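Student: I am new to this structure and would like a close look at one part of it. Could you take me through the second largest pocket, and then through some of the helices and residues elsewhere in the chain?

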Amino acid sequence: MAQAQYHGTVQPAAQFNSEADAAALRKAMKGLGTDEAAIINVIAHRNNAQRQEIKLKYKLLHGSDLIEDLHSDLGGHFRTAALALMETKAVYDAQCLRNAMKGLGTDESVLIEILCTRTNQEIKNIVAAYKTAFPGRDLEKDVMSETSGNFKRLLVTMCQGARDESLAVDHEKAKREAQELYEAGEKHWGTDESKFNFIIASRSIPQLKATFNEYAKIAKRDILSSIDREMS
């Protein structure tokens with residue numbers, strides 16, 4: 001069965017010309033001053049694949065690196081946004097993950113947002129991009145170093161990019177695993193977090209939705225309420 005497809009809000013430009021766009025960006029940054037409106041007109045109206053073509057064409061035509069030129073000519077939040085738009089999705093996610101873990105403290109919300117929402121292939125691309133962008137570092141090892149307990153175990157599982165991505169739903173399995181989750185949590189003295197970890201990290205999204213619906217029938221409360229009650 002076909003896998004679900006998700007698309008960003010920036011759609012491909014219909015009359016796309018990477019050479020013309022590269023020239024427009026060069027003109028916007030050449031000489032005194034910078035034409036920010038011209039830069040926005042290009043990079044905010046092309047999808048990621050088109051922006052990558054522009055980046056390559058810019059170097060071929062002008063012998064200069066577009067990322068370096070944008071960094072040099074722009075400043076503040078505008079520069080941050082423009083540079084982010086010019087990265088591939090995998091590289092940008094890898095950078096966000098590294099920023100979330102380096103220095104004092106860890107931004108757990110970023111780890112969750114990325115590692116728990118990307119497809120298997122996207123996770124594999126992020127792992128590879130992380131290794132390339134940050135030589136000597138390994139995403140899984142960094143996650144293990146910066147997190148702890150069941151949260152660490154869940155994120156390490158997500159780093160494998162091995163979730164079932166089928167759209168088919170096994171309703172009998174949903175009922176059975178809903179009961180297993182109930183017995184591991186609400187019905188159990190203490191909580192068997194490993195059971196939650198395994199099911200939540202490995203089952204497909206449609207399968208999880210069916211399981212959580214069945215869980216609500218058994219527990220008389222939704223799964224989020226139970227997780228909040230049972231886990232610290």
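Tutor: What follows starts with the pocket and then turns to two helices, a loop residue and the cysteines.

The model is a predicted one, and its second largest pocket has a volume of about 660 Å³. The lining of this pocket is made up of 21 residues, and those that lie nearest its centre are L154, F196, I200, I227 and M231. Four helices each give two or more residues to that lining, namely α10 (149-158), α12 (193-202), α13 (205-219) and α14 (223-230). As for the character of the lining, 14 of its residues are nonpolar, while three are polar and four are charged.

Two of the helices just named are joined by a loop, and K220 is found in this loop between α13 and α14. Most residues other than glycine have a negative phi. K220, although it is not a glycine, has a positive phi of about 65°. With a relative accessibility of 69%, where the cut-off is over 50%, K220 counts as exposed.

Helix α11, which covers residues 171-184, has 14 residues, and from its first C-alpha to its last it reaches 20 Å, close to the 20 Å expected at 1.5 Å a residue. Its buried residues are A174, E177, A178, L181 and A184. When one looks down the axis of α11, these buried residues fall within an arc of 125°, and so they line one face of the helix.

A similar question can be put to helix α9, residues 139-146, where L139, D142 and V143 are the buried residues. Seen down the axis of α9, they fall within an arc of 100°, so that they too line one face of the helix. On the other side of α9, K141 and S145 are exposed.

Finally, the cysteines deserve a careful look, for the structure holds zero disulfides. A disulfide would need two cysteine sulfur atoms within 2.5 Å. The closest cysteine sulfur to that of C96 is in C159, and because the two are 15 Å apart, they are too far for a bond. For C116 the closest cysteine sulfur is again in C159, and at 9.3 Å this too is too far for a bond. C116 itself has a relative accessibility of 29%, and therefore counts as partly exposed.

Note on methods:
Residues numbered from 1 in each chain as written. Predicted model: local features only at pLDDT ≥ 70, side-chain atom pairs only at ≥ 80, totals over all residues. Heavy atoms only, no water. Buried < 20%, exposed > 50% of the residue type's maximum accessible area, 1.4 Å probe, protein only. 1 Å grid on protein atoms, 1.4 Å probe; cavity = no way out; pocket = protein on both sides within 12 Å on 5 of 7 lines; lining within 4 Å. Points joined across faces, edges and corners; volume = space filled by probe spheres on them. Nonpolar A, V, L, I, M, F, W, Y, C, P; charged D, E, K, R; others polar. Expected span 1.5 Å × (residues − 1). Arc of directions from axis to C-beta.
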